[in-house]
Amino acid sequence: MKKKAAIINDELGTIALGFSISGYEISAIYIEHANQNAVSVCEKNWGNRVYPVDWDNFSLSDFVDVDFIAGKIRFPVFAMAANRKTGKAEDDIQKIVGLLSIKRPRVFLFQFNRISPQNQLFRYFLQQIRDIGYQLRYDIIDVRLFTGFPVNEKECFIYGTLEAGNNDLKFLPVSYMVNYSFDDFYEAKFVEREYCCSVNPKYLQNIEKEHEDAILCWRNDHYKEEQYIILNPRMVPLVARGDKIRKITHREVARLKGIPDEYDIDVRNKTWLYQKLMYCANVQLIRQLVSDSDLAVGERSFKQRAVSKGLQFEKIIKTYFTKKDVAPIKADENTDRLADFQFETDAGIFKVILKFYSGDVGTETKLLAVGERISSITLADNENYIIIVGNIISTKLKERMKRDFKIHIWDVKNLLWLFEEFPDIKSEFVSLLSYTLSGVEPQEPELNIFEKGIFLIQNILFLNLKITVMR
């Protein structure tokens, strides 16, 4: 049975979309009835699950019963006087406190605007939520490090769970960056006829750029070429292609927010749409927080969840090598900072890197980046790298890694073939995967170091395993 979520104040429905992609059933999306543009967008995409409400007259007891409540909160930027009871912001915050107190969902997640941790209303909110019994975590997340999208953007979240004993609530720190470029989000059809994408000529007088094709973002008093896009609804980023310069399109911003092209965002008020798109939650970030990190069930912290999968993969590979008479011996990790372990045979020295990516998005880019790092290392003629990956990798990419970087890839298909002789290892490995293996055929690795006559161990050096779960 799918878990259920209810979403509030999610004007474009992107938080709901992230939950839906993660497998949640969206029971209801509550939108302020006066915000007709938001109601229109959400109704076109979510139908009768959208409830336009007047929060001033809405009875919180009528809110649906769900496992998870998520949405957006806006705190006043300036500190408010203690115990102040008037003002819409304070009323809205108090309603959310009341909602959590009455409905007591197991878990909640709210996106909020960047404010000082000393903001009095923010501190009041946190204390009220703790008094209800929630354990809390709030953090500022770098969207680029979680999604790989080329944006200079940070989103703030408050997460809470009623689960007792979960004292280590942490958003998963992602240490690996996927280097997507704007070309991956570019809307190829030039929209020069759309008035909303034309640029005031006065802003074209002092542009600072080095390349013909560039993204230009507003810096102080002029547009400047940037590697990562700064989403500014007042001074909209510009896209330069040769001698043509236009504003970034609404669809391009939507793509940078992880919104699929089939999602209908069309409204008449294009200025409103620019603003809401640039301030909305990133769909892929929500998906990762909810799905990859198992945020929903609250069983473990984000970091614990990630480390657990990495350690399981490590354990499976170590067990397999041990059963193949390769006894792991710890050694100084400075021997090779990239390799997780290495072994030597009569055919040469093999350095092994373990990678377990939690999703397939950007996997090729990540592996190519590893190849680039390895290419900067001077190797002896008899040294080789093998990357063991807990994902399905295309034959084309395997061939490219071998051709360009002299790296062999063992992926899921190869591991299934290798693990055939040990059903217990194969079963544990399959249970680790988050997708079905229907139609996936085991495949012998091109480089099978265990083939008879090849695998004659002379020396084994196991380095400290440093598995990194990539996102």
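Okay, let me start with a term: a cavity here is a set of grid points where a 1.4 Å probe fits but cannot get out, and its lining residues have an atom within 4 Å of a point. Keep that in mind, and keep in mind that what we're looking at is a predicted model.

With that term in hand, here's the cavity I want to show you. The second largest one is lined by Asp-10, Glu-11, Leu-12, Thr-14, Lys-72, Lys-276 and Cys-280. Sorted by class, that lining is two nonpolar, one polar and four charged residues. Its volume comes out at about 30 Å³, and the structure has two cavities of 30 Å³ or more.

Right, let me zoom out for a second. The protein has 471 residues, and 52% of them count as buried. On the secondary structure side we've got 13 helices and 18 strands. If you take the contacts with a separation of 6 or more, 69% of them are between residues 24 or more positions apart.

Now the largest pocket. How much space lies in it? About 1,200 Å³. There are 38 residues lining that pocket, and the ones nearest its centre are Glu-11, Lys-72, Ile-73, Arg-74 and Asn-113. You've heard two of those names already: Glu-11 and Lys-72 also line the second largest cavity.

Which elements give two or more residues to that pocket lining? Those are strand 2 (25-32), strand 4 (68-73), helix 3 (88-103), strand 5 (107-112), strand 7 (154-161) and helix 7 (270-279). Helix 3 has the largest share, with seven residues. For the chemistry, the lining splits into 19 nonpolar, six polar and 13 charged residues.

On to the cores. As a general thing, in soluble globular proteins nonpolar side chains tend to be buried together. In this model, the largest nonpolar core has 58 residues, and the members touching the most others are Ile-7, Phe-19, Ile-29 and Trp-46. Let me pick out Trp-46: beyond its sequence neighbours up to four places away, Trp-46 touches Gly-13, Ala-16, Leu-17, Ser-20, Ile-26, Ile-29 and Tyr-263. Then, apart from that core, there's another one of 32 residues, including Phe-63, Ile-73, Phe-110 and Ile-129. And Ile-73, remember, is one of the residues nearest the centre of the largest pocket.

Next, some backbone angles. Most residues other than glycine have a negative phi. Here are two that go the other way. Asn-9 has a positive phi, near 55°, and sits in the loop between strand 1 (4-8) and helix 1 (14-21). Is Asn-9 buried or partly exposed? Its relative accessible area is 27%, so Asn-9 is partly exposed.

The other one is Arg-104, with a positive phi of about 45°. That residue is in the loop between helix 3 and strand 5. Arg-104 has 41% relative accessibility, so it counts as partly exposed too.

Right next door in the numbering, Pro-105 lies in the loop between helix 3 and strand 5 as well. Pro-105 has a relative accessibility of 1%, well under the 20% cut-off, so this one counts as buried. What does Pro-105 touch, leaving aside neighbours within four places in sequence? That would be Val-66, Asp-67, Phe-68, Ile-69, Leu-100, Tyr-134 and Leu-162. And for a distance, Pro-105 and Ala-70 are 35 residues apart along the chain, with their C-alpha atoms separated by 10.0 Å.

Two more spots and I'm done. Asp-142 is in strand 6 (residues 135-142). Its side chain reaches the backbone nitrogen of Arg-144 at 3.0 Å. Not counting neighbours within four places in sequence, Asp-142 is in contact with Glu-153 and Lys-154.

Last one: Lys-398, over in helix 11 (residues 395-405). Is this lysine buried or exposed? At 15% relative accessibility, Lys-398 falls under the 20% cut-off, so it counts as buried. Beyond four places in sequence, Lys-398 touches Ile-393, Ile-407, Ile-409, Asp-411, Asn-414 and Gln-443. There's also Glu-364, which is 34 residues away from Lys-398 in sequence and 9.8 Å away in space, C-alpha to C-alpha.

That's my tour, thanks for listening.

Notes. Residues are numbered from 1 along each chain as its sequence is written. This is a predicted model: local features need pLDDT of at least 70, side-chain atom pairs count only at pLDDT 80 or more; totals for chains, interfaces and linings use all residues. Side-chain values use heavy atoms; hydrogens and water are left out. Helices (H or I, at least four residues) and strands (E, at least two) are DSSP runs, numbered from the N terminus. Buried means under 20% relative accessible area, exposed over 50%, partly exposed in between (1.4 Å probe, protein chains only). Contact means heavy atoms within 4.5 Å. A polar contact is a pair of N or O atoms within 3.5 Å; within protein, one must be able to donate a hydrogen and the other to accept it, and residues adjacent in sequence count only if both atoms are side-chain atoms. On a 1 Å grid over the protein atoms alone, a cavity is a set of points where a 1.4 Å probe fits but cannot get out, and a pocket is an open set with protein on both sides within 12 Å along at least five of seven lines; lining residues have an atom within 4 Å of a point. Grid points are joined across faces, edges and corners, and a volume is the space filled by probe spheres set on the points. Ala, Val, Leu, Ile, Met, Phe, Trp, Tyr, Cys and Pro count as nonpolar, Asp, Glu, Lys and Arg as charged, and the others, Gly among them, as polar. A nonpolar core is a set of buried Ala, Val, Leu, Ile, Met, Phe, Trp, Tyr and Cys residues joined through side-chain atoms within 4.5 Å.
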